[in-house]
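Take a look at the chain below. This briefing visits a few of its helices.

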Amino acid sequence: MDMPFFEIVVPVFAILAVGYIANRILDFDIRTLSRMVLYILVPAAVVKSLSQTELALGEMGEIALVVLLLIFTMIALSSLISRALGFSRQMESAMVLTTAFMNAGNYGLPVNLFAFGQDGYDRAIIFMVVLSAANASLAVYYAARGRLGVKDAVRAVFQMPGVYAAALGLAMKYFGWSMPLPLAKPVSLLSQSAVPIFLLVLGMQLAKVRVQRAVGTVTLISFLRLIVSPLIAYLLTLATGLGGLSQKVVILEAAMPTAVTVTLLALEYEAEPDLVSTCTMATTLLSMFSLSLVLGALALL
């Protein structure tokens with residue numbers, strides 16, 4: 001095996017396995033832990049990263065643009081394939097949820113930190129913030145398919161704490177503001193604890209996933225999520241002129257497995273929840289190998 005596998009992929013899955021096994025034995029309250037990540041650790045990591053990053057605001061905007069283009073491209077591609085295959089409305093929703101919304105936070109942030117260090121992590125934060133807003137609006141919309149209006153979708157975005165943390169972090173960077181030391185230290189400590197806890201909670205979430213047999217559909221979705229998505233991201237970076245480390249981070253984030261959060265949406269709105277859960281588990285396990293390939297390809301850029 002190549003070095004990326006041992007230096008990046010294995011450490012990630014080792015921590016995932018600890019979370020998975022721990023929850024199987026101890027049966028943690030995943031909802032409480034997930035809310036802690038969402039409302040405490042993610043905002044702390046976002047504020048610290050965006051306020052202190054050396055990344056220019058213009059490049060942040062370019063990353064955000066590519067993320068949005070990637071999401072809409074994957075939604076369009078999934079919808080076209082679903083209709084060509086004669087899938088039901090619920091199956092089409094499941095295809096969109098599992099292919100267009102990747103795990104850029106719990107999984108993507110640690111992988112980028114291990115692969116590219118703090119500079120890669122800062123760029124991955126931008127990706128995660130934009131995707132989180134899409135999760136809160138577009139993903140909910142496609143899961144509900146008609147039960148969510150435009151106003152509700154917009155309102156959902158502004159209920160995400162990461163959006164406010166991003167606004168604060170960007171304002172601090174732009175205006176040169178600094179946090180008072182009594183506040184800066186706890187934010188820094190919370191941010192430092194985020195990466196291992198992200199992975200532990202992801203492992204615990206996966207322990208709750210229900211799996212069904214749907215080999216053909218799961219294989220198709222896994223191929224779209226793990227292989228096609230990073231290829232499209234690469235083409236979008238070429239089209240928009242995004243290069244350097246930002247290009248690599250975007251491609252790597254695009255190769256992440258299906259987000260665990262979409263399983264909750266699929267269950268809530270009856271969008272083939274067992275299939276979505278199976279794809280979440282399958283893409284996460286398969287990413288052990290696909291990410292090694294992607295990391296090897298990125299070394300050639």
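Which helices are included in what covers the buried residues of α7? The cover includes α2 (30–52) and α5 (108–144). This is a predicted model: local features need pLDDT of at least 70, side-chain atom pairs count only at pLDDT 80 or more, and totals for chains, interfaces and linings use all residues. Residues are numbered from 1 along each chain as its sequence is written, and side-chain values use heavy atoms, with hydrogens and water left out.

**Helix α7**
- Helices are DSSP runs (H or I, at least four residues), numbered from the N terminus.
- Helix α7 covers residues 161–175, and its end C-alpha atoms are 21 Å apart.
- That agrees with the expected 21 Å for 15 residues, a span defined as 1.5 Å times one less than the number of residues.
- Its buried residues (under 20% relative accessible area, 1.4 Å probe, protein chains only) include Pro161, Gly162 and Met172.
- Just after α7, Gly176 takes a positive phi of about 75 degrees.

**Helices α3 and α4**
- Two packed helices are described by the angle between their axes and the distance between the axes.
- Helix α3 (residues 57–84) and helix α4 (residues 89–100) pack at about 145 degrees, with axes 9 Å apart.
- Axes are lines fitted to C-alpha atoms over the stretch in contact, and angles run from 0 to 180 degrees between N-to-C directions.
- In contact (heavy atoms within 4.5 Å), residues of α3 including Ile71 and Met74 meet residues of α4 including Glu92 and Met95.

**Thr278**
- Thr278 lies in helix α12 (residues 273–298).
- Thr278 is buried, with a relative accessible area of 6%.
- Its side chain reaches the backbone oxygen of Asp274 at 2.7 Å.

Conventions
Helix = DSSP H or I, 4+ residues; strand = E, 2+ residues; numbered from the N terminus. Buried < 20%, exposed > 50% of the residue type's maximum accessible area, 1.4 Å probe, protein only. Polar contact = N/O pair within 3.5 Å; in protein donor to acceptor, adjacent residues only side chain to side chain.
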